[in-house]
Amino acid sequence: VQLQASGGGLVQPGGSLRLSCAASGSIFSIYVMGWYRQAPGKQRELVASVTNGGSTNYADSVKGRFTISRDNAKNTLYLQMNSLNSEDTTVYYCSAVITSSDYRRRAYWGQGTQVTVSS
């Protein structure tokens with residue numbers, strides 16, 4: 001099982017980016033999926049998460065600006081980020097709790113994708 005994140009880049013303050021994270025491999029089911037971020041010297045923090053039932057959770061710092069969604073048919077997670085500011089600059093990671101085809105459940109992590117907000 002692998003998670004492949006994409007969509008990071010450089011954007012001006014106030015701009016938008018959309019991150020994607022595709023899960024692939026021998027997947028039986030995916031429970032919760034989420035986006036985390038980690039700035040240098042700081043702990044990794046939850047940005048947003050969504051369960052397979054559609055329940056969402058957001059960090060206070062991104063509420064009203066970011067929207068998490070998932071396409072269960074495509075095993076893909078998205079993060080629409082609007083009104084970006086410099087404090088959003090960091091590496092973003094996707095994660096998912098996946099039951100593989102051998103019925104083992106564990107958390108998986110994608111590689112990070114850099115988001116830089118700068119004029």
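The chain of this predicted model exposes about 6,400 Å² of surface, and carbon and sulfur atoms supply 44% of that area. Of its 119 residues, 40% count as buried. Along the principal axes, the C-alpha trace spans about 50 × 25 × 25 Å.

The secondary structure consists of eleven strands and zero helices. Followed along the sequence, the pattern therefore reads β-β-β-β-β-β-β-β-β-β-β. The radius of gyration is 14 Å, close to the 14 Å that the globule rule gives for 119 residues, so the chain is as compact as a globular protein of that length. Contacts across the sequence play a part in this picture: among contacts with a separation of 6 or more, 54% are between residues 24 or more positions apart.The covalent cross-link comes next. A disulfide is a covalent bond between the sulfur atoms of two cysteines. The count in this structure comes to one disulfide. It is formed by Cys21 and Cys94, whose sulfur atoms lie 2.1 Å apart. Cys21 belongs to strand S3 (residues 17–24) and Cys94 to strand S9, so the pair ties together parts that are 73 residues apart in sequence. The link of Cys21 and Cys94 is right-handed, with 60° about the S-S bond. Are these two cysteines buried or exposed? Both Cys21 and Cys94 are buried.

The aromatic side chains offer another view of the fold. A pair of aromatic rings is described by the distance of the centres and the angle of the planes. The structure holds two aromatic pairs. One of them joins Phe28 and Tyr103 in an edge-to-face arrangement, with 5.0 Å from centre to centre and 65° between the planes. This pair links distant parts of the chain, since Phe28 lies in strand S4 (residues 27–38) and Tyr103 in the loop between strand S9 (90–100) and strand S10 (105–109), 75 residues apart. In contrast to the buried cysteines of the disulfide, both Phe28 and Tyr103 are exposed.

Tyr103 also deserves attention for its backbone. Most residues other than glycine have a negative phi, and most peptide bonds are trans. The phi of Tyr103, however, is near 70°, a positive value in a residue other than glycine. Tyr103 has a relative accessible area of 60% and is therefore exposed. Ser83 likewise has a positive phi, near 50°, and is a residue other than glycine. Ser83 is located in the loop between strand S8 (76–81) and S9. With a relative accessibility of 42%, Ser83 counts as partly exposed.

Two tyrosine rings have a charged side chain placed over them. The charged end of Arg44 sits over the ring of Tyr93, 3.8 Å from the centre of that ring. Arg106 lies over the face of Tyr108, at 4.0 Å from the ring centre.

Tyr108 leads to the beginning of the chain. The C-alpha atoms of Tyr108 and Gln2 are separated by 7.3 Å, although the two residues are 106 apart along the chain. Gln2 is part of strand S1 (residues 2–6). Which residues does Gln2 touch, not counting residues up to four places away in sequence? With that exclusion, Gln2 touches Ala22, Ala23 and Ser24. Despite these contacts, Gln2 counts as exposed, at 57% relative accessibility.

Two further loop positions complete the tour. Thr51 lies in the loop between strand S5 (45–50) and strand S6 (56–58). Is Thr51 buried or exposed? Its relative accessibility is 18%, and the cut-off for buried is under 20%, so Thr51 counts as buried. Leaving aside residues up to four places away in sequence, Thr51 touches Tyr31, Val32 and Arg70.

Asp60 is found in the loop between S6 and strand S7 (66–71). Asp60 has a relative accessible area of 65% and is exposed, whereas Thr51 counts as buried. The C-alpha atoms of Asp60 and Val47 are separated by 8.6 Å, and these residues are 13 apart along the chain.

Key: Residues are numbered from 1 along each chain as its sequence is written. This is a predicted model: local features need pLDDT of at least 70, side-chain atom pairs count only at pLDDT 80 or more; totals for chains, interfaces and linings use all residues. Side-chain values use heavy atoms; hydrogens and water are left out. Rings of Phe, Tyr and Trp (its six-membered ring) pair if their centres lie within 6.5 Å; planes under 30 degrees apart count as stacked, over 60 as edge-to-face and the rest as tilted. Helices (H or I, at least four residues) and strands (E, at least two) are DSSP runs, numbered from the N terminus. Buried means under 20% relative accessible area, exposed over 50%, partly exposed in between (1.4 Å probe, protein chains only). A charge sits over a ring if NZ of Lys or CZ of Arg is within 6 Å of the ring centre and within 35 degrees of the ring normal. The radius of gyration is taken over C-alpha atoms; the globule rule is 2.2 Å times the number of residues to the power 0.38. Contact means heavy atoms within 4.5 Å. Accessible areas come from the Shrake-Rupley method with a 1.4 Å probe; for residues, only the protein chains shown count as cover. A disulfide is a pair of cysteine sulfur atoms within 2.5 Å.
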